[in-house]
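Reader: I'd like to go through this model with you, one question at a time. Could you show me the sequence and the structure before we start?

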Amino acid sequence: QVQLVESGGGLVQAEGSLKLSCTVSGLIFSDLAMGWHRQAPGKKRELVAAISAGGSTNYGDSVRGRFTIFRDNAHNTMYLQMGSLKPEDTAVYYCNADTTGWRFVGGDYWGQGIQVTVSA
């Protein structure tokens, strides 16, 4: 019943931008902390960005200043606006929902993942 559906991935040129979205069903979206993880082949999965139920945000060091996370509770959707993309941003990006709500501490629910490829 719980579904996290990601969209917006694809191929983009370095220095370009891309916007990912994640739409949640089966959960009370406004009570969730939400976040994005990513994983590239051969590399450890890392937190990209997170946003609490109250709207506070945090970012991984490698994306801070380039990416913006935000949410639209009216549409049960969370977004990741990615700018100044680099080839090292290439990864599968996963939407996560955390029922802790006040702080994102790890995903209780995961999307299927969406590929982002940044060409040099």
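## Strands, core and loops

Reader: In what order do the four strands of the open sheet stand?
Author: Pairing here is antiparallel, and two strands pair if DSSP finds at least two bridges between them. Strands are DSSP runs of E, at least two residues, numbered from the N terminus. Read across the open sheet, the order of the four strands is β1-β3-β8-β7.

Reader: Which strands stand at the edges of that sheet?
Author: An edge strand here has a single partner strand, so one side of it is left without a neighbour in the sheet. The strands in that position are β1 (3-7) and β7.

Reader: By what angle are neighbouring strands of this sheet turned against each other on average, direction ignored?
Author: Axes are lines fitted to C-alpha atoms, and angles run from 0 to 180 degrees between N-to-C directions. With direction ignored, the average turn between neighbouring strands is 15°.

Reader: Before we go deeper, what kind of model is this, and which atoms do side-chain values use?
Author: This is a predicted model: local features need pLDDT of at least 70, side-chain atom pairs count only at pLDDT 80 or more, and totals for chains, interfaces and linings use all residues. Residues are numbered from 1 along each chain as its sequence is written; hydrogens and water are left out of side-chain values, which use heavy atoms.

Reader: In β8, which residue is the bridge partner of Arg-71?
Author: β7 and β8 run antiparallel and are joined by six bridges. In β8, Arg-71 is bridged to Met-78.

Reader: How many of the eight residues of β9 are buried?
Author: Buried means under 20% relative accessible area, exposed over 50%, and partly exposed in between, with a 1.4 Å probe and protein chains only. β9 is mostly covered by that rule, and its buried residues number six.

Reader: Over how many bridges do β4 and β9 pair?
Author: β9 has several antiparallel partners: three bridges join it to β11, with Val-92 opposite Gln-115. Strand β10 (residues 109-110) pairs with β9 over two bridges, and Ala-97 has Tyr-109 as its partner there. With β4, β9 pairs in the antiparallel sense, and Arg-38 is matched with Tyr-93. The number of bridges between β4 and β9 is seven.

Reader: Which residues have the most contacts inside the largest nonpolar core?
Author: A nonpolar core is a set of buried Ala, Val, Leu, Ile, Met, Phe, Trp, Tyr and Cys residues joined through side-chain atoms within 4.5 Å. The largest one has 30 residues, and the elements giving two or more residues to it are β3, β4 (33-39), β5 (46-51), β7, β8, β9 (91-98) and β11 (114-119). In soluble globular proteins, nonpolar side chains tend to be buried together. The residues with the most contacts inside the core are Met-34, Trp-36, Met-78, Leu-80, Met-82 and Tyr-93.

Reader: Is the disulfide left-handed or right-handed?
Author: A disulfide is a pair of cysteine sulfur atoms within 2.5 Å, and the one found in the whole structure joins Cys-22 to Cys-95 with an S to S distance of 1.9 Å. Cys-22 in β3 and Cys-95 in β9 are 73 residues apart, and both are buried. The torsion about their S-S bond is about -75°, so the disulfide is left-handed.

Reader: Which side chain does that of Asn-96 join in a polar contact?
Author: A polar contact is a pair of N or O atoms within 3.5 Å; within protein, one must be able to donate a hydrogen and the other to accept it, and residues adjacent in sequence count only if both atoms are side-chain atoms. Asn-96 lies in strand β9 and is buried, with a relative accessible area of 0%. At 2.5 Å, its side chain has a polar contact with that of His-37.

Reader: Which residue, other than glycine, has a phi near 75°?
Author: Asn-76, in the loop between β7 (67-72) and β8 (77-82), also has a positive phi, but of about 50°, and is partly exposed at 30% relative accessible area. The residue you want is in the loop between β2 (10-13) and β3 (18-25) and is exposed at 62%. The residue with phi near 75° is Glu-15.
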